[in-house]
Amino acid sequence: MRPYVKFTISSAGATLLDYAVTLGLTELASLPYLLSSIAGLIAGGVLNYQINGHWVFHATRASSRHRVFSYVLCWGANLLVNTAGLYLLTEGFGIDYRISKIMTSAVIGSLFGFHAQSTLVFRGREHAEHP
């Protein structure tokens with residue numbers, strides 16, 4: 001299976017976890033939607049890193065500190081942009097936070113996710129494609 005297809009599957013799982021955490025914390029625990037979303041993005045990000053490192057890019061243990069640092073930087077930017085987009089769509093345009101979350105995640109993830117991780121985080125020989 002090609003890395004982009006695997007990445008898409010991995011991202012879908014991470015997005016589902018993100019959305020479930022966001023909804024659970026907002027609807028069941030009555031936390032503000034932005035705080036819940038940040039918690040969801042972090043949970044999804046941790047899952048995404050683990051799956052992508054092992055299954056998508058077949059990363060080795062070599063340079064794992066650099067990889068984690070690069071991922072945290074990429075994911076931190078992702079978190080900021082997603083949170084800003086969620087706030088803008090919800091507060092600025094009056095769209096329900098649940099719909100805003102899906103819209104923002106889909107746009108940001110499809111535009112930057114694979115490219116950022118394949119070139120900045122899991123790059124070089126350590127992510128050669130495996131059958």
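The expected span of a helix is 1.5 Å times one less than its number of residues. Helices here are DSSP runs (H or I, at least four residues), numbered from the N terminus. This is a predicted model, in which local features need pLDDT of at least 70, side-chain atom pairs count only at pLDDT 80 or more, and totals for chains, interfaces and linings use all residues. Residues are numbered from 1 along each chain as its sequence is written, and side-chain values use heavy atoms, with hydrogens and water left out.

**Exercise 1. Compare the end-to-end spans of helix 1 and helix 4 with their expected values, and locate the bend in helix 4.**

Step 1. Take helix 1. It has 26 residues. Its first and last C-alpha atoms are 36 Å apart, close to the expected 38 Å.

Step 2. Take helix 4, residues 97-121. It has 25 residues. A straight helix would reach 36 Å, but the end C-alpha atoms of helix 4 are only 30 Å apart.

Step 3. Look for a bend (the angle between axes fitted to the seven residues ending at a residue and the seven starting there). Helix 4 bends by about 45° at Gly-109.

**Exercise 2. Find the buried residues of helices 1, 2 and 4, and state what covers them.**

Step 1. Fix the cut-offs. Buried means under 20% relative accessible area, exposed over 50%, and partly exposed in between (1.4 Å probe, protein chains only). Contact means heavy atoms within 4.5 Å.

Step 2. List helix 1. Its buried residues are Pro-3, Lys-6, Phe-7, Ser-10, Ser-11, Ala-14, Asp-18, Thr-22 and Thr-26. They pack against helix 2 and helix 4.

Step 3. Check two entries. Lys-6 has a relative accessible area of 6%, so it is buried. Ser-11 has 19% and is buried too.

Step 4. Recall the helix geometry. An α-helix has 3.6 residues a turn, so residues three or four places apart point the same way.

Step 5. Go to helix 2. Its buried residues include Tyr-33, Gly-40, Gly-44, Gly-45, Asn-48, Asn-52 and Gly-53. Among the elements covering the buried residues of helix 2 are helix 1, helix 3 and helix 4.

Step 6. Finish with helix 4. Among its buried residues are Tyr-97, Lys-101, Thr-104, Ile-108, Gly-113 and Val-121. Their cover includes helix 1 (3-28), helix 2 (33-56) and helix 3 (64-92).

**Exercise 3. How many salt bridges does the structure hold, and which residues form them?**

Step 1. Apply the criterion: a side-chain nitrogen of Lys or Arg within 4 Å of a carboxyl oxygen of Asp or Glu. The structure holds three such pairs.

Step 2. Take Lys-101 and Asp-18. Their side chains meet at 2.8 Å, N to O. Lys-101 lies in helix 4 and Asp-18 in helix 1, so the pair ties together parts that are 83 residues apart in sequence. Both residues are buried.

Step 3. Take Glu-27 and Arg-98. Their closest N and O atoms are 3.7 Å apart. Glu-27 is in helix 1 and Arg-98 in helix 4, 71 residues apart. Glu-27 counts as partly exposed because its relative accessibility is 45%. Arg-98, with 33%, is partly exposed.

Step 4. Add Asp-96 and Arg-98, which meet at 2.8 Å, N to O. Asp-96 is partly exposed, with a relative accessible area of 31%.

Step 5. Join the pairs. Glu-27, Asp-96 and Arg-98 are linked in a network of salt bridges.

**Exercise 4. Locate the residues with positive phi that follow helix 1 and helix 2.**

Step 1. Leave helix 1. Ser-30 follows, with a positive phi near 60°. This is a residue other than glycine.

Step 2. Place Ser-30. It is found in the loop between helix 1 and helix 2. Its relative accessible area is 62%, so it is exposed.

Step 3. Leave helix 2. His-58 follows, with a positive phi near 50°.

**Exercise 5. Identify the residues that make the nonpolar surface patch.**

Step 1. Set the rule. Patches are made of residues with over 30% relative accessible area and no salt bridge; like charges are joined within 9 Å, nonpolar side chains (Val, Leu, Ile, Met, Phe, Trp, Tyr) within 5 Å. Areas come from the Shrake-Rupley method with a 1.4 Å probe; for residues, only the protein chains shown count as cover.

Step 2. Read off the members. Met-1, Val-5, Ile-9 and Trp-55 make a patch of about 370 Å².

Step 3. Examine Met-1. It lies in the segment before helix 1. At 52% relative accessibility, it counts as exposed.

Technical notes:
Helices (H or I, at least four residues) and strands (E, at least two) are DSSP runs, numbered from the N terminus.
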